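Got the model open in your viewer? Let's walk through it one selection at a time.

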Amino acid sequence: MDEVDTIIVGAGVVGLAVADALSEAGKEIIVLEKHDGFGRETSSRNSEVIHAGLYYPTGSLKARLCVTGRRMLYEFCERNGVPFKKVGKLVVANHPEEREKIHAVHEQAAQNGVEGLRMLSRKQVAQLEPGIVAEEALFSPETGIVDTHQLMACLERRAGSRSATLAYGCEMTGIERNNDTYQVEIVDTDGERMRLECRTFVNAAGLNADAVAGLAGIDPTEAGYRQHYCKGEYFAVSSRHKDSITRLVYPAPTPVSLGIHVVLGLDGAMRLGPNAFYVDEIDYDVNQAHAKEFLAGAREYFPRLALEDLRPDQSGIRPKLQKEGEGFRDFVVAEESARGLPGLVNLAGIESPGLTSCLAIARAVAACI
Ligand SMILES: Cc1cc2nc3c(=O)[nH]c(=O)nc-3n(C[C@H](O)[C@H](O)[C@H](O)COP(=O)(O)OP(=O)(O)OC[C@H]3O[C@@H](n4cnc5c(N)ncnc54)[C@H](O)[C@@H]3O)c2cc1C
């Protein structure tokens, strides 16, 4: 049986970042990915925003890994030619309760160490973004956007050019501890089964991370790793509005999401999204009937928008640890020695800001195996 230092399950942005970090340290690695290429799931179905770290409770992994990861990611993109733009972001408020919320976000963000924040008056918002109407806004100059596909391609290239093998079309179906190694069972696209041996194992399986932890003998519910799917849809905005807004624009956040916001592509194309609703199954269809809800939300701050400007785009699914109605849950980054599984790391609940945090998550994983 072939033996490597580390097996990583999942070639999303997190698994690839872990492969990059571990291969830099000279480890021999295999990345198992059930699809025929990298980034076929959540990593290609998001807003591509490099978050500043405004919202998360101070000291949480989400706050720390987002702030550190954001700084690491800008530097990484700069050094490796990955396209990005620090466009900045406005969190806007038009009602008294929203103004209260954005002041609370400002305080939270300052405690999280986010740089350069400023409150803007109605007049200052109009000067910065003439298409936007807001009584008040929080401006975050450190927020940006990144070409996620190029980022993943770069991480894959770097890891592959060192000591990592990317095994596409290979689904991990089992894992057993045997003396001081793990035996990992794989099924390829032809249905052929094989086994590989490794000393350390990283579960970066995204929406499937709770099931993969289960294969290792951990009860996901008891461990607090059970994930609940929360869907987010996007609508593309007509090109007649292209370049009319140059910064990301968010409403005040809700308990489950950051609210339906203006998402910008690096080419200036505009989308609205994502909404947030819990689902039982993975299904990426976008419901045209939701356009009205998008319009109502966005017109509060973007009054020139009309229903005929919106066309269904893509959707993504968040692997949330909290069930509908439950409070904040943090990322899980857990080395499982305490469960008798030394060198096995589970990553669960890696929803937003997982893209922003990917390099910092990878560094945290490398530090514990
Ligand atoms: C709507 C939405 C908007 C978001 N916006 C942002 C944003 O603007 N900024 C931000 O920072 N974050 C954002 N996020 C979060 C971000 O997209 C995720 O945190 C990140 O992509 C997670 O990456 P991952 O590698 O953990 O998971 P994934 O990309 O899902 O990768 C996991 C991989 O594991 C593979 N896999 C699973 N099980 C197996 C198995 N048994 N064998 C082999 N392979 C397996 C899957 O095929 C998949 O490719 C958003 C998320 C959503 C849903």
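Buried area, a term we'll need shortly, is the accessible area (1.4 Å probe) that two parts lose on being put together, summed over both. A word on ground rules: this is a predicted model, where local features need pLDDT of at least 70, side-chain atom pairs count only at pLDDT 80 or more, and totals for chains, interfaces and linings use all residues. Residues are numbered from 1 along each chain as its sequence is written, and side-chain values use heavy atoms, leaving out hydrogens and water.

**Stop 1: the two domains.** Select 3-45 + 149-226 + 328-368 and colour it as domain 1, then give 89-141 + 228-320 another colour as domain 2. These bounds come from an automatic or database domain assignment. The domain centres, taken over C-alpha atoms, sit 32 Å apart. Where they touch (heavy atoms within 4.5 Å), domain 1 brings 10 residues and domain 2 brings 11.

**Stop 2: the seam.** Together the domains bury about 1,000 Å², with 53% of it on carbon and sulfur atoms. Now pick Arg45, Leu207 and Glu351: in domain 1 they lose the most area to domain 2, together 66% of what that side buries.

Stay on Glu351 and add Lys320. They form a salt bridge, their closest N and O atoms 2.7 Å apart. The term means a side-chain nitrogen of Lys or Arg within 4 Å of a carboxyl oxygen of Asp or Glu. How many salt bridges are there between domain 1 and domain 2? The count is 1.

**Stop 3: the ligand.** Show the residues around it (a heavy atom within 4 Å). There are 39, and Glu33, Ser43, Val49, Ile350 and Thr356 come nearest. Zoom in on Asn46, where a polar side-chain atom lies 3.0 Å from a ligand oxygen. At Ile350, a polar backbone atom is 2.8 Å from an oxygen atom of the ligand. Glu351 turns up again here, with a polar backbone atom 3.1 Å from a ligand oxygen. Taken alone the ligand exposes 1,000 Å², and the protein buries 98% of that; these areas use the Shrake-Rupley method with a 1.4 Å probe, and for residues only the protein chains shown count as cover.

How values were computed. A polar contact is a pair of N or O atoms within 3.5 Å; within protein, one must be able to donate a hydrogen and the other to accept it, and residues adjacent in sequence count only if both atoms are side-chain atoms.
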